[in-house]
Amino acid sequence: MKKNVILSLLAAVLPLIVGGCGSQAHYIQTGGRESVVTVSGINIQDFIQAADAATSDLLASGKLDKVANPPAVLAISRIINNTGQQIDTDLLTKKIRVALLNSGKAQTTTTMGLGGTAEDPMAKGLQQEAEFKSDQKATRTPDFTLSGKIIETVARTGNTSQSTYSFQLSLTDTQTGLAVWEGEKEITKQGSRPTVGF
Amino acid sequence: MKTRIFLPLAGVLLLAVSGCRTSMNTVENAQKEGQRQMVSDQRVVTDASLADKVSVVGVNQAMTPGGLLKIQIELLNRRHSLQRFSYQFEWFDANGMQVNNVASPTVPSQIDGGEDKFITSVAPTPTCKDFRVKFVEN
């Protein structure tokens with residue numbers, strides 16, 4: 001009798017325990033400590049870190065304050081992805097752009113881009129129309145361009161693999177063609193590969 | 001017979017322990033040119049273990065040429081082993097409201113045994129007047 005009661009209780013409690021251990025879908029803070037870290041790829045927290053480091057360094061340099069007509073106007077140039085992965089470089093540049101805009105130190109043009117392609121074609125069309133009607137040039141030439149490269153360096157020894165991601169950025173003065181600020185943030189991750197499986 | 005077993009064991013244990021121990025010697029100029037503008041800080045410790053291992057030595061501030069507040073925190077690892085932790089800066093305006101920062105990372109960091117290191121951050125906007133830094137052990 002007693003055995004039956006204990007067994008019934010155990011049977012009732014067991015699913016609760018097992019269920020409690022299961023990984024249910026849940027929200028986490030983007031880039032927070034619970035984020036998945038992979039050695040073989042750039043994670044979202046890496047982009048956030050690189051963008052924060054670049055923005056802080058750029059703002060602290062004071063280069064954006066040295067324009068005749070503040071806030072400085074920025075155009076995004078080429079960001080080369082030299083890693084083995086397919087990544088959208090906007091994950092880096094957009095964060096920098098938003099942070100710079102919020103700081104009040106710089107604005108980014110969306111009507112000028114590499115090879116004459118505008119990020120916002122409608123805005124470019126409307127701007128050209130306004131220029132045509134008023135017969136005046138409304139476009140402000142960017143003070144600076146932002147270009148860069150993302151590089152991946154991989155090293156392995158035994159079961160340990162290591163990846164370093166270098167986020168290199170240059171701010172070029174469009175009047176002189178000189179890089180007035182350059183920043184590099186390196187993020188290195190190390191982990192052990194499983195001995196069995198992939 | 002017992003000694004035969006214990007001696008190699010003691011040797012292995014010593015190697016294992018010394019392998020984890022790190023320490024650091026430093027040298028710097030005695031007559032400092034720079035003058036740190038120290039900030040009186042207020043600390044809330046809920047993880048005494050982390051606070052004991054990675055202690056905050058001091059906080060100093062400076063203004064960037066563009067009028068942004070720059071904070072530098074000096075940390076000291078009181079232990080002889082590497083410690084891993086994460087930190088995150090939060091910024092507040094003159095009304096005490098938190099300033100939203102799109103790139104506000106939780107930065108993973110590490111500090112060697114006996115090492116003294118600095119972490120810095122620049123306020124995202126000129127309106128930022130106050131700050132808070134969160135430390136979590138990894």
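Thr172(A) has Ala179(A) as its bridge partner in strand 5 of chain A (strands are DSSP E runs of at least two residues, helices are H or I runs of at least four, and both are numbered from the N terminus). This is a predicted model, where local features need pLDDT of at least 70, side-chain atom pairs count only at pLDDT 80 or more, and totals for chains, interfaces and linings use all residues. Residues are numbered from 1 along each chain as its sequence is written, while chains are lettered from A and ligands numbered from 1 in the order in which they are written.

**The sheet in chain A**
- Strand 4 and strand 5 of chain A run antiparallel and are joined by 13 bridges; two strands pair if DSSP finds at least two bridges between them.
- These two strands make a hairpin with 5 residues between them, and Gly177(A) in the turn has a positive phi of about 75°.
- The whole thing is an open sheet of 5 strands with mixed pairing, in the order 2-1-3-4-5.
- Strand 2 (106-108) and strand 5 (179-192) sit at the edges, each pairing on one side only.
- On average, neighbouring strands are turned by 30° against each other, direction ignored (axes are lines fitted to C-alpha atoms, for helices over the stretch in contact, and angles run from 0 to 180 degrees between N-to-C directions).
- Strand 1 (residues 72-82) and strand 3 (residues 144-157) of chain A run parallel, with 7 bridges joining them.
- Asn81(A) finds its bridge partner, Ile150(A), in strand 3 of chain A.

**Helices on the sheet**
- Helix 2 (residues 44-61) of chain A packs on the sheet, touching strand 4 (160-173) and strand 5, and makes about 155° with the direction of strand 5; contact here means C-beta atoms, placed from the backbone, within 7 Å.
- Helix 3 (residues 90-103) of chain A lies across strand 1, strand 2 and strand 4, running at about 135° to strand 2.

**The core**
- The largest nonpolar core has 41 residues, and Ala50(A), Ala51(A), Ala54(A), Leu74(A) and Phe167(A) have the most contacts inside it.
- Such a core is a set of buried Ala, Val, Leu, Ile, Met, Phe, Trp, Tyr and Cys residues joined through C-beta atoms within 7 Å, and buried means 20 or more other C-beta atoms within 10 Å of a residue's own.
- Helix 2 of chain A gives the largest share of this core, 9 residues.
- Leaving out residues up to four places away in sequence, Ala50(A) touches Leu92(A), Phe167(A), Lys185(A) and Ile187(A).

**Where the chains meet**
- The contact takes 22 residues from chain A and 19 residues from chain B.

Note on methods:
Contact = placed C-beta atoms within 7 Å. Buried ≥ 20, exposed ≤ 12 C-beta atoms within 10 Å, placed from the backbone.
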